[in-house]
Amino acid sequence: MLSIRATERILIIGDTHIPACHPDYLDFVSQVRDEYDLTTHIHVGDVTDWQSASFHEHDPDLTSPGDELELIRSAIQPWAEEFPDLFISEGNHCKIPARRLKAAGLPKAFLKDANELYGTPAGWVWQPNYIQFELECGMPVVVQHSFAASLNAGKHKLRSESVVAGHHHSQAGVVWNTDTRYRRFFLATGCGVDHNHPAFDYGKNGICNIVSHGCGIIIDGAAYHIPMFLDEDGRWNGKVP
């Protein structure tokens, strides 16, 4: 677990799956950050995709692991420049290189530090489990890549903390639970993937191509989902709600 000192104005970036990220998602979350003056930046996980090394059946028409690494290194640089300080709750796709090493019987020492591997700055803090912080009201918040299969399931799993999660690309929104002391929220961020990218063709019946584009924010103890609206050509309409 990583505990951080968070401001009360927090941006939560959804799954990006670089290099299979939507071409406008970086511009969108950057404008959300500026529009709402958000000063703590957290990524909910699946920063990278690694379809080439996935445990799903590999599409031979897509890139090799070496080629995908070069694509990731190139595509991640604008993110590193825009967000030099970023807390990351690693997702299942982030962990694919380490899982492949383990499957091959090789120690983790064979894998470089993520910032060294991708050329990202020291301000990117990669956390393999989850991130925790406390709001000014005393409410603890956990950012965990995968928490529940739906908003309703997430609401009923809440205990003493509020939770922010990603992973399920089609899930986005906020639900609340209330007890005698706190109002607890479950925030599903939505995501920033390019839903037409062939890396997402592995889902049954096209389920991986059904997505809710957007991100999450927390301001003064309240959580919100900010949707990224696309036009008829599949590009962001340039507006932040």
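The following exercises, each with a worked solution, concern a predicted model of a protein chain.

**Exercise 1. Overall composition**

Task: Determine how many helices and strands the protein chain has, and what share of its residues is buried.

Solution: The secondary structure of the chain comes to 5 helices and 12 strands. Of the 241 residues in the chain, 50% are buried. A further step concerns the contacts in the chain with a separation of 6 or more: residues 24 or more positions apart account for 67% of them.

**Exercise 2. The geometry and surroundings of helix H2**

Task: Compare the expected span of helix H2 with the distance between its end C-alpha atoms, then locate the kink in H2 and state which elements cover its buried residues.

Solution: Helix H2 runs over residues 65-82 and has 18 residues. The expected span is 1.5 Å times one less than the number of residues, which for H2 gives 26 Å. The end C-alpha atoms are 26 Å apart, so the expectation and the model agree.

The next step is the local course of the axis. H2 has a kink of about 30° at Ile76, shortly before the proline Pro78. Ile76 is also one of the buried residues of H2, together with Glu68, Leu69, Ile72, Trp79 and Ala80. The cover over these buried residues includes strand S2 (9-13), helix H1 (25-36), helix H4 (114-118) and strand S5 (124-127).

**Exercise 3. Ser30 in helix H1**

Task: Classify Ser30 as buried or exposed, and identify what its side chain reaches.

Solution: Ser30 belongs to helix H1. Its relative accessibility is 7%, and a residue under 20% is buried, so Ser30 is assigned to the buried class. The side chain of Ser30 reaches the backbone oxygen of Leu26 at a distance of 2.7 Å. Once residues up to four places away in sequence are set aside, Ser30 touches Glu82 and Phe83.

**Exercise 4. Aromatic pairs and charges over rings**

Task: State how many aromatic pairs the structure holds, and classify the Tyr25–Trp79 pair and the Phe147–Phe186 pair.

Solution: The structure holds 8 aromatic pairs. For Tyr25 and Trp79, the ring centres are 6.0 Å apart and the planes lie at 40°, so this pair is tilted. The pair links distant parts of the chain, with Tyr25 in helix H1 and Trp79 in helix H2, 54 residues apart. Tyr25 is buried because its relative accessibility is 0%, and Trp79 is likewise counted as buried, at 7%.

For Phe147 and Phe186, the ring centres are 5.5 Å apart and the planes lie at 50°, so this pair too is tilted. Phe147 lies in the loop between strand S7 (140-143) and helix H5 (151-157), whereas Phe186 lies in strand S10; the two are 39 residues apart, and the pair links distant parts of the chain. Both Phe147 and Phe186 are buried.

The last step extends the view beyond single pairs. Tyr25, Phe28, Trp79, Phe83 and Trp236 are joined by ring pairs into a cluster. Arg33 lies over the face of Phe83, at 4.9 Å from the ring centre. Arg183 lies over the face of Trp176, at 4.7 Å from the ring centre.

**Exercise 5. Asp24 and Val193 in loops**

Task: Place Asp24 and Val193 in the chain, and list what each contacts.

Solution: Asp24 is in the loop between S2 and H1. With a relative accessibility of 9%, Asp24 counts as buried. Neighbours within four places in sequence aside, Asp24 contacts Met228, Arg235 and Trp236.

Val193 is in the loop between S10 and strand S11 (214-219). Its relative accessible area is 0%, and Val193 is therefore buried. The C-alpha atoms of Val193 and Thr16 are separated by 5.3 Å, although these residues are 177 residues apart along the chain. Beyond four places in sequence, Val193 touches Asp15, Thr16, His17, Ala20, Cys21, His22, His169, Phe200, Val211 and His213.

**Exercise 6. Ala172 in strand S9**

Task: Assign Ala172 to an accessibility class and find the separation of its C-alpha atom from that of Gly190.

Solution: Ala172 is part of strand S9, residues 172-178. The relative accessible area is 23%, so Ala172 is partly exposed. The C-alpha atoms of Ala172 and Gly190, 18 residues apart along the chain, are separated by 4.5 Å. Residues up to four places away not being counted, Ala172 touches Leu151, Ala188, Thr189, Gly190, Ser212 and His225.

How values were computed. Residues are numbered from 1 along each chain as its sequence is written. This is a predicted model: local features need pLDDT of at least 70, side-chain atom pairs count only at pLDDT 80 or more; totals for chains, interfaces and linings use all residues. Side-chain values use heavy atoms; hydrogens and water are left out. Helices (H or I, at least four residues) and strands (E, at least two) are DSSP runs, numbered from the N terminus. The bend at a residue is the angle between axes fitted to the seven residues ending there and the seven starting there. Buried means under 20% relative accessible area, exposed over 50%, partly exposed in between (1.4 Å probe, protein chains only). Contact means heavy atoms within 4.5 Å. A polar contact is a pair of N or O atoms within 3.5 Å; within protein, one must be able to donate a hydrogen and the other to accept it, and residues adjacent in sequence count only if both atoms are side-chain atoms. Rings of Phe, Tyr and Trp (its six-membered ring) pair if their centres lie within 6.5 Å; planes under 30 degrees apart count as stacked, over 60 as edge-to-face and the rest as tilted. A charge sits over a ring if NZ of Lys or CZ of Arg is within 6 Å of the ring centre and within 35 degrees of the ring normal.
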